[in-house]
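Here's a quick walk through one protein chain, written for someone who would rather look at side chains than at statistics. Keep the viewer open as you read.

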Amino acid sequence: MALLNKIRDNDALSEKRLNGFTLVEMLIVLFIIGLIAGITVITMSNPRGALVNEAEKLAGRVIAARDNAILQSRPMALAYDASGYRFEQRRDGAWQPHADGPFAFTAWREETVVQRADGTDKRLIFDPVGLASADMQVVLTHGSDNVRIEIARNGEVRVGE
């Protein structure tokens, strides 16, 4: 009888082991779930990051235009509208747009809205010594995200909220 009870206890233990998960199995499942979650977060697009990148790209080109005005001793202008921005150079008494290179027309990213914070003219001119014609604040908006680009009269450019 004792032997029969011992066999039944061993069978009960075997059934318990078959009905649950081992620690190793649980850790493997958690690792796989964590890996999938990490990949999902990495591949998700960040519209705020794209808007900041667009603003920084514009700021970099504005700085390059200011430096170009100084190097060539010729005024350069930034002009923008709802479709994009471009840089122009004063030649033969008129503003001539750059057709290629970093100063060519660049379209805004889809659904980006641009506005000048103070509502004045949408052209900023850098003179041959690198000074801007006025202070300018441009706000890029995409959905509920905003990024401000500030251009000071001394030619400094800042990107922020």
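What follows covers the overall layout, the core, one hairpin and a few loop residues.

## The big picture

First things first: this is a predicted model. Mean pLDDT for the protein chain is 82, with 81% of its residues at 70 or more. Confidence isn't even along the chain, though: among its elements, helix α1 (residues 2-19) has the lowest mean pLDDT, 60, while helix α2 (residues 23-43) has the highest, 90. Where pLDDT is low, the predicted coordinates should not be read in detail.

The protein chain has 3 helices and 9 strands. Starting at the N terminus, their order is α-α-α-β-β-β-β-β-β-β-β-β. Of the 161 residues in the chain, 27% are buried. The accessible surface is about 10,600 Å², and carbon and sulfur atoms account for 58% of that. Looking at contacts with a separation of 6 or more, 49% are between residues 24 or more positions apart.

## The nonpolar core

In soluble globular proteins, nonpolar side chains tend to be buried together. Here, the largest nonpolar core has 25 residues, and the ones touching the most other members are Val62, Leu78, Phe87, Leu140 and Ile151. At least two core residues come from each of α3 (47-72), β1 (76-80), β2 (84-91), β6 (123-126), β7 (136-142) and β8 (145-151). Helix α3 gives the largest share, 7 residues.

Phe87 is a good one to click on. Setting aside residues up to four places away in sequence, Phe87 touches Arg61, Val62, Ala65, Met76, Ala77, Leu78, Gln96, Pro97, His98, Pro102 and Phe103.

## Gln89, a polar residue indoors

So what about Gln89, buried or exposed? Its relative accessibility is 2%, so Gln89 counts as buried. This residue sits in strand β2, and its side chain has polar partners: a 2.6 Å polar contact goes to the side chain of Gln72, and another of 3.1 Å goes to the side chain of Arg91.

Beyond its neighbours within four places in sequence, Gln89 is in contact with a longer list of residues, including Asn68, Arg74, Pro75, Met76, Trp95 and His98.

## The β2-β3 hairpin

Strand β2 runs antiparallel to β3 (residues 94-97), and 4 bridges join the two. Across the pair, Glu88 stands opposite Pro97 in β3. Together β2 and β3 make a hairpin with 2 residues between them.

Most residues other than glycine have a negative phi, and most peptide bonds are trans. Asp92, in the turn of this hairpin, goes the other way on phi, with a positive value of about 55°. Asp92 is also exposed, because its relative accessibility is 84%.

## Two more loop residues

Ser73 lies in the loop between α3 and β1. Like Asp92, Ser73 is not a glycine and has a positive phi, in this case near 50°. With 54% relative accessibility, Ser73 counts as exposed.

Ala134 is in the loop between β6 and β7. At 26% relative accessibility, Ala134 counts as partly exposed. Which residue lies 19 residues from Ala134 along the chain, with the two C-alpha atoms separated by 5.4 Å? That partner is Arg153.

Conventions:
Residues are numbered from 1 along each chain as its sequence is written. This is a predicted model: local features need pLDDT of at least 70, side-chain atom pairs count only at pLDDT 80 or more; totals for chains, interfaces and linings use all residues. Side-chain values use heavy atoms; hydrogens and water are left out. A nonpolar core is a set of buried Ala, Val, Leu, Ile, Met, Phe, Trp, Tyr and Cys residues joined through side-chain atoms within 4.5 Å. Buried means under 20% relative accessible area, exposed over 50%, partly exposed in between (1.4 Å probe, protein chains only). Contact means heavy atoms within 4.5 Å. A polar contact is a pair of N or O atoms within 3.5 Å; within protein, one must be able to donate a hydrogen and the other to accept it, and residues adjacent in sequence count only if both atoms are side-chain atoms. pLDDT is the predictor's confidence in each residue, from 0 to 100. Two strands pair if DSSP finds at least two bridges between them. Accessible areas come from the Shrake-Rupley method with a 1.4 Å probe; for residues, only the protein chains shown count as cover.
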